[in-house]
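Work through the exercises below with the model open. Try each task before you read its solution.

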Amino acid sequence: MTSAEADTSARTSGRLVAISNRTAAGSESKAGGLAVALWETLVETKGLWIGWSGRVLDFETARVNYVEEEGVQFALSDLSRRQYDGFYLAYANSVLWPVMHNRIDLAVFEADTYRNYRSVNEKFARIAVQEARQEDFIWVHDYHFFLLGRMMRQRGWQGRLGWFLHIPFPAPDAFRAIPQHRELGEAMCAYDVVGVQTGKDLYNLARYLEEEFDAEELPDGRFKVGERTVRLLHCPIGIDVDAFVKASTCEDAQLAASKLDRFLGNRQLVLGVDRMDYSKGLIQRFEGMADLFDRHPDVHGHISFTQIAPPSRTVVEGYQQLRQQLDELSGRINGDYGDLDWIPIRYLARGYDRDEIAGLYRAAKVCLVTPLQDGMNLVAKEFIAAQNPDDPGVLVLSQFAGAAEQMNEALIVNPYDAGAIAEAVYQAIHMPLAERQARWRSLMDGIRSQDLVWWRQRFLNAVPADAEVPVLS
Ligand code: ADQ
């Protein structure tokens, strides 16, 4: 245990109580990003994880199902169809997600969906207050739960309460486009600590609170907002680096890489791995590749661009359209540039497991991570962790991914600029070994020193040991 960890466990005696929409209950390995970060502390403190069971029922229920795994308690609750549609699909993913990713044009504002958002926040606030003990530390996750902390306070919770936002906090005017922004903004201040991914998010959030609620920065760095004080923290999420290093050479990884090899022959692999989401910049990326084929005929037949993008949130408008656009665009590019013995773009609309993905990262000469807007983007970090130190690949990274604040040695591009993507890929495939190694080494040092445990500790250390008793209106 490092001294930072010892410090934290002393300050946070009591359990960790995590609250997130999805939990790791029942998943065989607790390997997904958030689960890795929280799991260790949950096991150590015999903690509690509260969230949605994953089930949607025809009726509303207040029932809580308890599951125990390795001493960790899960308190899970089902959602009714109306709650799932209104809270999850409509408000969280058709209002908050697009607005926070600067796509106000895609937001669908309908008054009654907010009612469901409130009711699901209320449901989990009630469960949290019922299950948590005064000495516990409650750590709420993501945009699904802006209101939950305030609702807990209103139900009498006086203990420590933190919230981490995994997605960007946009410029104040964009956030103001949400009709209920003041209620969301005020509710945020019921948390003792609000964590965001980047310095830019922190700047936007502080400005919003200053402009909207006359928030004042105190000498100790906390913000006074009305009767509350809240610590705003920039806390970039990292990955479990060793797990990815190990995964990249495991049997499943090698198997995936060798399957790919049969297809590639001696062509160089340019790889993209994303959830199919409009924030990930897939259309612009495909256009960037088309531009590369246009500008640089010498790469024809020598590289293969493979994009892995499993569909997500398929019933939300905007996502179906994206699928169709990608189908059309990849067809057009292959039609325009392909040859009897060369398919320029391979686009696989399905997911692969973590080990297989790690094997593909390691096989890639270039990885394209070009979101139009992204809280962090873990693919950028996973790609670096999975590289062969003797012959590392090159990361092409959007300036609008949160990860760009930490990963300067990547080739940073404007994801809207097809020409810039084209030239960055061209530069990457011609980059001399010594330069690739130097860039990779410093990127690897960075993701190692600010990994997943570092992120967790940074957040927990920011929580005041003696969180104040809140004043409620
Ligand atoms: P996401 O938007 O889901 O997360 P990201 O950070 O890229 O995005 O994480 C995706 C995870 O899913 C990665 O671990 C990746 O390996 C995996 N993944 C992606 N595509 C996959 C595929 N095709 N098949 C299999 N696995 C795939 C949100 C925010 C991000 C923030 C994270 C964590 O939007 O900005 O980095 O939370 O805070």
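The exercises go from domains to sheets, then to a helix and two arginines.

The model is predicted: local features need pLDDT of at least 70, side-chain atom pairs count only at pLDDT 80 or more, and totals for chains, interfaces and linings use all residues. Residues are numbered from 1 along each chain as its sequence is written.

**Exercise 1. Domains**

Task: Find the domain bounds and describe the side of domain 1 that touches domain 2.

Solution.
- Step 1. Start with the bounds, which come from an automatic or database domain assignment. Domain 1 covers 3-235 and domain 2 covers 241-449.
- Step 2. Take the C-alpha centres. Those of domain 1 and domain 2 are 31 Å apart.
- Step 3. Count contacts, where two residues qualify if their C-beta atoms, placed from the backbone, lie within 7 Å. Domain 1 puts 16 residues in contact with 14 residues of domain 2.
- Step 4. Look for the main contributor on the domain 1 side. Helix H3 (residues 81-100) gives the largest share, 3 residues. Helices (H or I, at least four residues) and strands (E, at least two) are DSSP runs, numbered from the N terminus.
- Step 5. Sort that side by class. It has 6 nonpolar, 9 polar and 1 charged residues. Ala, Val, Leu, Ile, Met, Phe, Trp, Tyr, Cys and Pro count as nonpolar, Asp, Glu, Lys and Arg as charged, and the others, Gly among them, as polar.

**Exercise 2. The sheet of 10 strands**

Task: Give the strand order of the sheet of 10 strands, then locate its edges.

Solution.
- Step 1. Apply the pairing rule: two strands pair if DSSP finds at least two bridges between them. The order is S3-S4-S2-S1-S5-S6-S7-S10-S9-S8, in an open sheet with mixed pairing.
- Step 2. Find the strands that pair on one side only. These edge strands are S3 and S8 (216-217).
- Step 3. Check a parallel pair. Strand S1 (residues 16-20) and strand S5 (residues 137-141) run parallel and share 4 bridges. Leu 16 faces Phe 137 of S5.
- Step 4. Check an antiparallel pair. Strand S3 (residues 65-69) joins strand S4 (residues 72-80) through 5 bridges. Glu 69 has Val 72 in S4 as its bridge partner.
- Step 5. Inspect the turn. S3 and S4 make a hairpin with 2 residues between them, and Glu 70 there has a positive phi of about 50°.

**Exercise 3. The sheet of 6 strands**

Task: What is the order of the 6 strands, and which strands lie at the edge?

Solution.
- Step 1. Read the order: S13-S12-S11-S14-S15-S16, an open sheet with parallel pairing.
- Step 2. Name the edges. Strand S13 (345-348) and strand S16 (411-413) each pair on one side only.
- Step 3. Get the twist. Neighbouring strands are turned by 20° against each other on average, direction ignored. Axes are lines fitted to C-alpha atoms, for helices over the stretch in contact, and angles run from 0 to 180 degrees between N-to-C directions.
- Step 4. Walk along the bridges. S11 and S14 share 2, with Val 270 opposite Val 366. S14 and S15 share 4, with Leu 368 opposite Val 396. S15 and S16 share 3, with Ser 398 opposite Val 413.
- Step 5. Test the faces of S14. In a regular strand, side chains alternate between the two faces of the sheet. Val 366 and Leu 368 lie on one side, Cys 367 and Val 369 on the other, and all are buried. Buried means 20 or more other C-beta atoms within 10 Å of the residue's own, exposed means 12 or fewer, and partly exposed is in between; C-beta atoms are placed from the backbone.

**Exercise 4. Helix H11**

Task: What span does helix H11 reach, and what covers its buried residues?

Solution.
- Step 1. Compare the spans. H11 (residues 282-295) has 14 residues and reaches 20 Å from first C-alpha to last, close to the 20 Å expected. The expected span is 1.5 Å times one less than the number of residues.
- Step 2. List the buried residues: Leu 282, Arg 285, Phe 286, Gly 288, Met 289, Ala 290 and Leu 292.
- Step 3. Identify the cover. It includes S11, S12, helix H12 (319-337), S13, S14 and H15.

**Exercise 5. Two arginines**

Task: Why does Arg 436 count as partly exposed? Do the same for Arg 346.

Solution.
- Step 1. Arg 436 is in helix H16 (residues 433-449). It counts as partly exposed because it has 17 C-beta neighbours inside 10 Å.
- Step 2. Arg 346 is in strand S13. It is partly exposed because 16 other C-beta atoms lie within 10 Å.
- Step 3. Add the contacts, not counting residues up to four places away in sequence. Arg 436 touches Pro 392, Val 394 and Met 431. Arg 346 touches Ser 304 and Thr 306.
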